[in-house]
Amino acid sequence: MIALWTQQAKRQGSPRLGFVPPLMYALAKSHPGAFIDVTQGSNALFGGSWCPARPGFDLATGIGSPLADEIAALLPRGG
C-alpha cells in the first residue's frame, strides 16, 4: 500500500510520505470513513481476552484497516 502511494507521489511530483503513522492517525481523525472500524473480536492469546475490539480506537485493532484507494485520494498533491 505504501509502495503504491509512493509511486503515486512520484507520478504527481509530490513529496514522499515520510514517516507514515502520524499521517494515518491524522487521516483517521479527519476522515474516519477512509478506514474500516473493526468492532468484533480480540487479540486473545491462549484463550484469554486481553484487548477486545470496540467502536473507535482500541488496543486490539488500533484505528482499523485503511482503505488504500480512499487514503491515496486524500494524500497531498505536488504542484
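# Packing in a predicted chain

Student: Which elements are included in what covers the buried residues of α2?
Tutor: The model is a predicted one. Helix α2 spans residues 20-30. The cover over its buried residues includes α1 (2-12), β1 (35-36), β2 (65-66) and α3 (68-74).

Student: Where on helix α2 do its buried residues lie?
Tutor: Four residues of α2 are to be placed: Val-20, Met-24, Leu-27 and Ala-28 are buried. Looking down the axis of α2, the buried residues stay within an arc of 100°, so they line one face of the helix.

Student: In what order do the elements of the chain run from the N terminus on?
Tutor: There are 3 helices and 2 strands to put in order. Starting at the N terminus, the order is α-α-β-β-α.

Student: What is the radius of gyration of the chain, next to what the globule rule gives?
Tutor: The chain has 3 helices and 2 strands. For 79 residues the globule rule gives 12 Å, and the chain is well over that, so it is more spread out than a compact globule; its radius of gyration is 15 Å.

Student: What box do the C-alpha atoms of the chain fill?
Tutor: The box is taken along the principal axes of the chain. Its sides come to roughly 50 × 25 × 20 Å.

Student: How much of the chain counts as buried?
Tutor: A residue counts as buried when its relative accessible area is under 20%. Of the 79 residues, the share that meets this is 23%.

Student: What part of the accessible surface of the chain belongs to carbon and sulfur atoms?
Tutor: The whole accessible surface comes to about 5,500 Å². The part from carbon and sulfur atoms is 62%.

Student: What share of the contacts with a separation of 6 or more is between residues 24 or more positions apart?
Tutor: One pair at such a separation is Gly-64 and Thr-39, which are 25 residues apart along the chain, though that pair is given here by C-alpha distance, 8.8 Å. For the contacts themselves, the share is 53%.

Student: How far apart are the mean positions of the positive and negative charges?
Tutor: The chain has 6 positive and 4 negative charges. Each group has its mean position, and the two are separated by 14 Å.

Student: Which elements do the buried residues of α1 pack against?
Tutor: In α1, the residues Trp-5, Gln-8 and Ala-9 are buried. Down the axis of α1 they fall within an arc of 100°, so they line one face of the helix. On the other side of α1, Ala-3, Leu-4, Lys-10 and Arg-11 are exposed. The buried residues pack against α2 and α3.

Student: Which residue just after α1 takes a positive phi?
Tutor: Helix α1 covers residues 2-12. Just after α1, a phi of about 75° is taken by Gly-13.

Student: Is Asp-58 buried or exposed?
Tutor: Asp-58 sits in the loop between β1 and β2. Leaving out residues up to four places away in sequence, Asp-58 touches Val-38, Pro-52 and Ala-53. The limit for buried is under 20% relative accessible area. Asp-58 has 1%, so it counts as buried.

Student: Which residues does Asp-37 touch, not counting residues up to four places away in sequence?
Tutor: Asp-37 lies in the loop between β1 and β2, and at 36% relative accessibility Asp-37 is partly exposed. The C-alpha atoms of Asp-37 and Gly-56 are separated by 6.5 Å, with their positions 19 residues apart along the chain counted as the separation. The residues touched by Asp-37 are Arg-54, Pro-55 and Gly-56.

Student: Which residues is Gly-64 in contact with, leaving aside its neighbours within four places in sequence?
Tutor: Gly-64 is found in the loop between β1 and β2. At 16% relative accessibility Gly-64 counts as buried. Its contacts beyond those neighbours are Phe-35 and Ile-36.

Student: Does Ile-63 count as buried or as partly exposed?
Tutor: Ile-63 is in the loop between β1 and β2. Apart from residues up to four places away in sequence, Ile-63 touches Met-24, Tyr-25, Ala-28, Phe-35 and Phe-57. Buried would need a relative accessible area under 20%. Ile-63 has 23%, so it counts as partly exposed.

Key:
Residues numbered from 1 in each chain as written. Predicted model: local features only at pLDDT ≥ 70, side-chain atom pairs only at ≥ 80, totals over all residues. Heavy atoms only, no water. Rg over C-alpha atoms; globule rule 2.2 N^0.38 Å. Buried < 20%, exposed > 50% of the residue type's maximum accessible area, 1.4 Å probe, protein only. Contact = heavy atoms within 4.5 Å. Areas by Shrake-Rupley, 256 points an atom, 1.4 Å probe, with all protein chains shown as cover. Lys, Arg positive; Asp, Glu negative; His and termini not counted. Charge placed at Lys NZ, Arg CZ, Asp CG, Glu CD. Arc of directions from axis to C-beta.
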